[in-house]
Amino acid sequence: AIRYSLREPAIFTTQLRALLRASTAGNLRILFPMISSYCELMQVKEIIARLREDLRGQGIPFDENVKFGIMLEVPSAVAVADTLAREVDFFSIGTNDLIQYALAIDRGNEQVAHMYEPLHPAVLRMISHVVQSGHRGGIEVGICGEMAGQEKYLPVLLGLGLDSFSMHPPAIPFIKKMIRKSRSDEVEELAAQLLASPSSIEARKCLNGYLADHHPELTM
């Protein structure tokens, strides 16, 4: 991720230069993964600034308005999301890693894999904090990972205020159908109830109640 990229600047600058040059061919957005601190982001922005200046000096065209974003997938980035939001054009929350690091588990370790819980209050509150920080900073907040493509979690994520969802193509039709059927006041109330839940057990009961009323085929 970004740690390797910053350690190997020759590779990283070659990739970024190619992306900037390709930005004239379409609507390109560049997302930097595994950002864990403000300092890392500033290093990335300094490299981008140098590359832009170099391309301008050589008369090589690129989109001056190409958007840059970061993936928030470690708790340290979540904690300083308000600071990071001032430096980028968009956020993407990486739920797979965020849940794993927030709950101190390894999904590949059968001894603790069962503790992987998207409805853990800490996870929900982290997502909510990132969304609020991003929106206060005037930027879009999207979400990716398994949680984003699972229909049963969609009402919660809508209620938390996510702007966009990244998922496997087969999940798109049903997710679109659910979004069209959802009412903002209902999903916002659901999200508020889950954020106030003391445990994932209580949160799941609450979500099951909503699903039973609105999407009975998805009851967990």
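**The sheet**

Start with the strands of this predicted model. Select β1 through β5: these five strands form an open sheet. Their order is β1-β2-β3-β4-β5, and the pairing is parallel. Now go to the edges. They are β1, residues 29–32, and β5, residues 164–165. Each edge strand pairs on one side only.

Keep β1 and add β2, residues 67–72. The two run parallel, joined by four bridges. For one example, pick Ile-30 and look across to β2. Which residue is the bridge partner of Ile-30 there? The partner is Phe-68.

**Helix α6**

Next, select residues 95–102, which make up helix α6. Colour the buried residues: Thr-95, Asn-96, Leu-98, Ile-99 and Gln-100. What do these buried residues pack against? Show two helices, α4 (75–79) and α7 (121–136), and two strands, β3 (90–94) and β4 (140–144). The buried residues of α6 pack against these four elements.

Then step past the end of the helix. Ala-104 follows α6. Check the backbone there: phi of Ala-104 is positive, near 55°.

**Salt bridges**

Switch to charged side chains. The count of salt bridges comes to eight. Three of the stops below are among them.

*Stop one: helix α3.* Select residues 38–58, then show Glu-53 and Arg-56, which both lie in this helix. Their side chains meet in a salt bridge, 3.3 Å from N to O. The two are three residues apart, about one turn of the helix. Residues three or four places apart in an α-helix point the same way, because there are 3.6 residues a turn. Now compare the accessibility of each partner. Arg-56 has 40% relative accessibility, so Arg-56 counts as partly exposed. Glu-53 has 51%, so Glu-53 counts as exposed; the cut-off for exposed is over 50%. Add Glu-64 to the selection. Glu-53, Arg-56 and Glu-64 are linked in a network of salt bridges.

*Stop two: Glu-117 and Arg-204.* Select both side chains. They form a salt bridge, with the closest N and O atoms 2.6 Å apart. Why does this pair tie together separate parts of the chain? Glu-117 lies in the loop between α6 and α7, while Arg-204 lies in helix α11, so the pair joins parts that are 87 residues apart in sequence. Is Glu-117 buried or exposed? Glu-117 is buried, at 15% relative accessible area. Arg-204 is partly exposed, at 21%; the cut-off for buried is under 20%.

*Stop three: helix α11.* Stay on this helix and select Glu-202 and Lys-205. The pair forms a salt bridge, and the closest N and O atoms are 3.9 Å apart. Glu-202 and Lys-205 are three residues apart, so about one helical turn separates them. Glu-202 counts as partly exposed, at 35% relative accessibility. Lys-205 is exposed, with a relative accessible area of 56%.

**After α11**

Follow the chain out of α11, residues 200–214, and select His-215 in the segment after this helix. Is His-215 buried or exposed? His-215 counts as buried because its relative accessibility is 2%. To see the surroundings, show Met-178, Lys-181 and Tyr-210. His-215 touches these three, leaving aside residues up to four places away in sequence.

Methods: Residues numbered from 1 in each chain as written. Predicted model: local features only at pLDDT ≥ 70, side-chain atom pairs only at ≥ 80, totals over all residues. Heavy atoms only, no water. Buried < 20%, exposed > 50% of the residue type's maximum accessible area, 1.4 Å probe, protein only. Contact = heavy atoms within 4.5 Å. Pairing = 2+ DSSP bridges. Salt bridge = Lys/Arg side-chain N within 4 Å of Asp/Glu carboxyl O.
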